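Trainee: I am new to this model and would like a close look at a single part, the sheet. Please go slowly and explain each term as you use it.

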Amino acid sequence: MQRILPCPTPSAPPRPLHDRLASRQLEQRLAASLPPHTLMQRAGLAVARLAMAWQPHAQRIVVLAGGGNNGGDGLVAATRLARDWPQRDVAVWWQGAPERLPDDARWAWQQARAANLTWLQAAPEHPPDLVIDALLGLGLDRPVRGTALAALRWLQACPAPTLCVDLPSGLDANTGHWWADAPPQPAAQRATLSLLTLKPGLFTGHGRVVAGASIWFDDLGAEPEPGTAAAWLVAPGGWPDTAALRADHASHKGSRGDVLVLGGALPHAHAGIGMGGAALLAARAALRAGAGRVYAALLGDAEQVPPWDMGQPALMLRSATAALDSDLPERATVVAGCGGGPAMATLLDAVLARCPRLVLDADALNALAQRPDPEPLAARQARGWWTVLTPHPLEAARLLRTDTATVQRDRLAAARTLAERWHAVVVLKGSGSVVAAPGLTPRIVASGSGWLATAGSGDTLAGLLGARLSTLPWPAPPEDLQAAVADTVALHGTLPEHWPHRWPPTASDLLP
Ligand SMILES: NC(=O)C1=CN([C@@H]2O[C@H](COP(=O)(O)OP(=O)(O)OC[C@H]3O[C@@H](n4cnc5c(N)ncnc54)[C@H](OP(=O)(O)O)[C@@H]3O)[C@@H](O)[C@H]2O)[C@@H](O)CC1
Ligand SMILES: Nc1ncnc2c1ncn2[C@@H]1O[C@H](COP(=O)(O)OP(=O)(O)O)[C@@H](O)[C@H]1O
């Protein structure tokens, strides 16, 4: 058994995530090679052990078990707890029907009937010391109804520490969609033990909210075959290797990569509304992340451009017109769109045609969404040029001509479709950012938290991506580009953790 989150080894290689179908195929293959019920026995024992390791002082334990194999795992855990920790009071609230039990779960139920367990007919009157949630697992693929919904509501409201078996009940294994009409409640005192495989839904969509602060994994002895993963889980990254940077005595500012941030509409250019700060945030982030020279080109008249950035005088400011009159678009990694406003639409063609290394964010994405033809991006892909799109769910919905709810309903699918349609590496931002690239298995980034939900934190990410791409060896195979982007998103997700205060950071606090 291993702890996945909080991640004990930040530089660990990506882990495979398996969807419902692949998990079931693996389960069948493994079960066929073992004596009957071995897998469920292993699963239940793992649950019981983790429960006692996590909440060693829990005396009154309630196991909420459903009528499928997830409930079977819970029943085995209850049986083991009553047998191996006899001083505990273990009660089972079972939602199954004996005549409809699958084979493994029937065996588990028979064992449990013979054990020293209390059988509850309704929700316990008082919260126990520990709840084991084995109501619904991998099998859930439709809205929760009936008695299961009532039990799920109790579970969501129960203040007791809760250990979820395989998946939190109500969560879709493939997508992280929440299938119950009762809103999912975040809980610090919740943990999940994923069995056999790690599932994508634990790490994106509602997964991080409902799975709790710690996620554990027991493979039960399974070895998935290569090529069966629906996605890869990227561990939270660390700061780029600054020691190597220092040891590179032959480096100079020109060898550390140039970044041009193109955006930040000045009030004159955008109906009296200034958004220059977004471009400065991106540019400061690029500089702090190690880019050798960073230029911020703002949208508006040259005389409106401030002479310097007082917060970061090392930035070189200019107008967008001046930047486009130079060789910067060809030479630098270009981050376009942050705070750009509608004026970005007039620059998009030039940017797509001239910038070999390109990150499109915010208003550049909105401008892109207004044109149905992805041909310029296909041409970029054919030339081996890099295009990275960083939409949040609403921008993704505009690019896909759908709505935000549809994007969020299946974030992996949305990111994959965007990557294929727009011939680009796509970062679908939000909880469990998905990094998809044409023809490659997507990556899900496990870092990040609600502390990033603040205006400007996406601009910071765009700047970090600019810095990362400016030093990535050119040309790079698509796998390397996708990995570099995912690692940068993972690094961005860890930034709030370095903030020393109890109140959340603003976007400009994210970088020291
Ligand atoms: N076999 C083994 O060795 C291993 C099994 N493992 C374990 O098996 C789990 C998967 O088991 P599973 O396939 O039986 O699905 P599961 O999550 O229990 O759901 C089915 C039950 O839920 C019910 N139900 C479904 N939807 C519902 C709804 N919307 N609203 C209400 N009820 C609904 C459904 O009812 P029915 O459709 O029959 O009316 C049925 O009773 C997996 O998560 C892992 O824990 C692993 O540990 C590996 C080893
Ligand atoms: N709840 C959350 N969990 C993890 N990451 C989040 C969360 N909310 C926001 N983020 C991250 O913060 C950033 C916000 O980007 P965006 O919405 O574009 O902000 P802005 O446009 O204001 O800069 C993205 O990287 C996103 O993934």
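Mentor: Let us begin with a definition: helices (H or I, at least four residues) and strands (E, at least two) are runs assigned by DSSP, and both are numbered from the N terminus. What you see is a predicted model, in which local features need pLDDT of at least 70 and side-chain atom pairs count only at pLDDT 80 or more, while totals for chains, interfaces and linings use all residues. Residues are numbered from 1 along each chain as its sequence is written, and chains are lettered from A and ligands numbered from 1 in the order in which they are written.

The sheet is open and has eleven strands in the order S2-S10-S19-S18-S17-S16-S15-S14-S11-S12-S13, with mixed pairing, where two strands pair if DSSP finds at least two bridges between them. Strand S2 (15–17) and strand S13 (316–319) stand at the edges with a single partner strand each, so one side of each has no neighbour in the sheet. From one strand to the next, the twist averages 20 degrees; axes here are lines fitted to C-alpha atoms, for helices over the stretch in contact, and angles run from 0 to 180 degrees between N-to-C directions.

Within the sheet, strand S14 (residues 333–336) and strand S15 (residues 357–360) run parallel and are joined by three bridges, and Val335 has Val359 in S15 as its bridge partner.

Helices also meet these strands, and residues are in contact if their C-beta atoms, placed from the backbone, lie within 7 Å. Helix H12 (residues 362–369) lies across strand S11 (258–265), S14, S15 and strand S16 (386–389), and runs at about 90 degrees to S15. Helix H16 (residues 411–422) packs on the sheet as well, where H16 touches S10, S16, strand S17 (425–428) and strand S18 (434–436), its direction making about 150 degrees with that of S17.

Strand S10 also leads us to the domains, whose bounds come from an automatic or database domain assignment: domain 1 (2–234) and domain 2 (253–509). Their C-alpha centres lie 39 Å apart, and their contact takes 19 residues from domain 1 and 17 residues from domain 2. On the side of domain 1 that touches domain 2, helix H6 (207–211) and strand S10 (231–234) each supply at least two residues, and S10 gives the most, with four residues.

Definitions and conventions:
Two residues are in contact if their C-beta atoms, placed from the backbone, lie within 7 Å.
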